[in-house]
Amino acid sequence: MEDAFCSFCGKSHTQVKRLVSSPTSTCYICDSCVEICRDIVLEAEQKNRGSVYQFGLPNPMEIKAYLDDYIVGQERAKRAMAVAVYNHYKRLKYNLGKKQKSVVLDKSNILLIGPTGVGKTLIAKTLAQILKVPFVCVDATSLTEAGYVGDDVESILSKLLINADYDVKKAEIGIIYIDEIDKIARKVDSRNMTRDVSGEGVQQALLKILEGATVEVSVGNGKKSSHADTVTMNTNNILFICGGAFVRLDEIIFNRNNSNTLGFSRQKEEKQGNESVTLEDLVNYGMIPEFVGRLPVVIALEKLDKVGMMNILTTPKNNLVDQYKTIFMLDGIDLEFKNDALEAIASRALSLGMGARGLRNILEDVMLDTMYSSPSAEGLEKIVIDKDCISKKAKPQLKFKKTNQHSSKSIKKQKN
């Protein structure tokens, strides 16, 4: 070792901190050249990664501002999501950086809790658009344990790979949204001894990919077989967002908070919202502790009220009212919704209990006959939708061009 020198830079062992020899002790490399080689490899690796490394990562305020354009209300949830997503992708850049890591940053997946139709899926989808990363949305109820009929959990990764145009490196930094996650809660009170393939078993199967693991993923139909081509994917940098309504979770929270309260004083206590949910509450609901532990960021979304419903109709980009106005504008017809009509639509959607999803159903039902007949109505200039069109299914007000009105009057006179 006394005469040893680095085979790359030529420095002797006295000029460097450390020399590493080859197995045959015929060549050496110093610590400085090891660091340089490592930087070269990492730089090449980053060039092959997805778009999140190619542009400046937006900060939480910028992410929140983008979400504001598409999601009405949910201020606290949007702030929390912006911070969580920013931290996740900042972690990716940190882990792939050139400097030696003194602290290891753990992965933080997200659990969204809120009633149906409040925007859980839309938030996740919009975040993927902001960051320009692949996105896939799957329903937890369609998943089964390996060996049972249905989609196994690896099929989720196959779908993400497809949406990444089969670019593995790009897929490995994508976002996966698993909806209806509360539907795979184990049946706590069940006395049936048969295996719960749609509940606890699926939670167990998801643990590995949520935590971060190397998985053999089928290319093509999403199901592994002896004849299918497979690729290796690492889920360590994939952001998993799970969402569910968790019906009656608020009752579990209420019972926990008031377990030591008796008599009329307990009746005065108001039911707690999902904002104060704990790990214990989710376990009591039927989620296994290991699964909840892999979703450390828990965000509760608020239930929509009438004002919120009306704002969803008119405020965000690509809102429903603007969409229908554009549809009629393409036929040269102006469409107007009176304020009382919007109130009636919002009230009816609330009664359906479908959240914002009910708004489009109502509008499609109300506008069907008008969309059918208006393209063939000569001279039709404007359509006005008022409250009666919603509540009484009355016909909308039709306004025609003046020339058409004169011609229609002359036709009536000729008939008389």
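Let me begin with the smaller part of the picture, an open sheet of 3 strands in the order E10-E11-E12, in which the pairing is mixed. Strand E10, residues 334–337, and strand E12, residues 397–400, stand at its edges with a single partner strand each, so one side of each is left without a neighbour in the sheet. On average, and with direction ignored, neighbouring strands of this sheet are turned by 15° against each other. Please keep in mind throughout that this is a predicted model.

Staying with that sheet for a moment, E10 is joined to strand E11, residues 380–385, by 4 bridges, and these two strands run parallel. If you would like a pair of residues to look for on the screen, take Phe-337, whose bridge partner in E11 is Ile-385.

Now let me step back to the whole chain. The protein holds 17 helices and 12 strands, and of its 416 residues 40% count as buried. When we take the contacts with a separation of 6 or more, 67% of them are accounted for by residues 24 or more positions apart.

The other sheet I want to show is also open, and here 5 strands follow the order E4-E5-E8-E3-E9, with parallel pairing. Its edge strands are E4 and strand E9, the latter at 297–300, and each of them pairs on one side only. From one strand to the next, the twist averages 20°. Helix H5, residues 154–163, packs on this sheet, where it touches E4 and E5, and the direction of H5 makes about 150° with that of E4.

Within this sheet I would like to look carefully at E5, residues 175–179, and to ask how many of its residues are buried. The count is 5 of the 5, so the strand is largely enclosed by the rest of the structure. As a reminder, in a regular strand the side chains alternate between the two faces of the sheet. In E5 both faces are covered, since the buried residues are Ile-175, Tyr-177 and Asp-179 on one side and Ile-176 and Ile-178 on the other.

Which strands, then, does E5 pair with? One is E4, residues 135–139, which pairs with E5 in the parallel sense over 5 bridges, and there Cys-137 stands opposite Tyr-177. Another is strand E8, residues 239–244, which is joined to E5 by 4 bridges and also runs parallel to it; in that pairing, Ile-176 stands opposite Phe-240.

Let me turn to the helices, starting with H8, residues 249–257, in which Leu-249, Ile-253 and Phe-254 are buried. Seen down the axis of H8, the buried residues fall within an arc of 140°, and they therefore line one face of the helix.

Two helix pairs deserve a closer look. In one of them, helix H3, residues 75–95, and helix H4, residues 120–131, have axes that come within 12 Å and cross at roughly 45°, which makes H3 oblique to H4. The crossing of H3 past H4 is right-handed, and the contact is made by Met-81, Val-85 and Tyr-89 from H3 together with Ile-123, Leu-127 and Leu-131 from H4.

In the other pair, helix H12, residues 306–314, and helix H14, residues 339–352, pack at an angle of about 120° with their axes 9 Å apart. Why do we call this arrangement oblique? Angles of 65 to 115 degrees would count as roughly perpendicular and those over 145 as roughly antiparallel, and the angle here is about 120°, so H12 and H14 are oblique to each other. H12 passes H14 in a right-handed crossing. The residues in contact include Met-309, Met-310 and Leu-313 of H12, and on the side of H14 they include Leu-342, Ile-345, Ala-346 and Leu-350.

Finally, a single residue: Asn-284, which has its place in helix H10, residues 279–285. Is Asn-284 buried, exposed or partly exposed? The relative accessible area of Asn-284 is 44%, and the residue is therefore partly exposed, since that class lies between the limits of 20% and 50%. Asn-284 is also 98 residues from Arg-186 in sequence, while the two are 9.8 Å apart in space, C-alpha to C-alpha.

Conventions: Residues numbered from 1 in each chain as written. Predicted model: local features only at pLDDT ≥ 70, side-chain atom pairs only at ≥ 80, totals over all residues. Heavy atoms only, no water. Buried < 20%, exposed > 50% of the residue type's maximum accessible area, 1.4 Å probe, protein only. Pairing = 2+ DSSP bridges. Arc of directions from axis to C-beta. Axes fitted to C-alpha atoms, helices over the stretch in contact; angles between N-to-C directions. Contact = heavy atoms within 4.5 Å. Parallel < 35°, antiparallel > 145°, perpendicular 65-115°, else oblique. Left-handed = near helix turned anticlockwise from the far one by under 90°.
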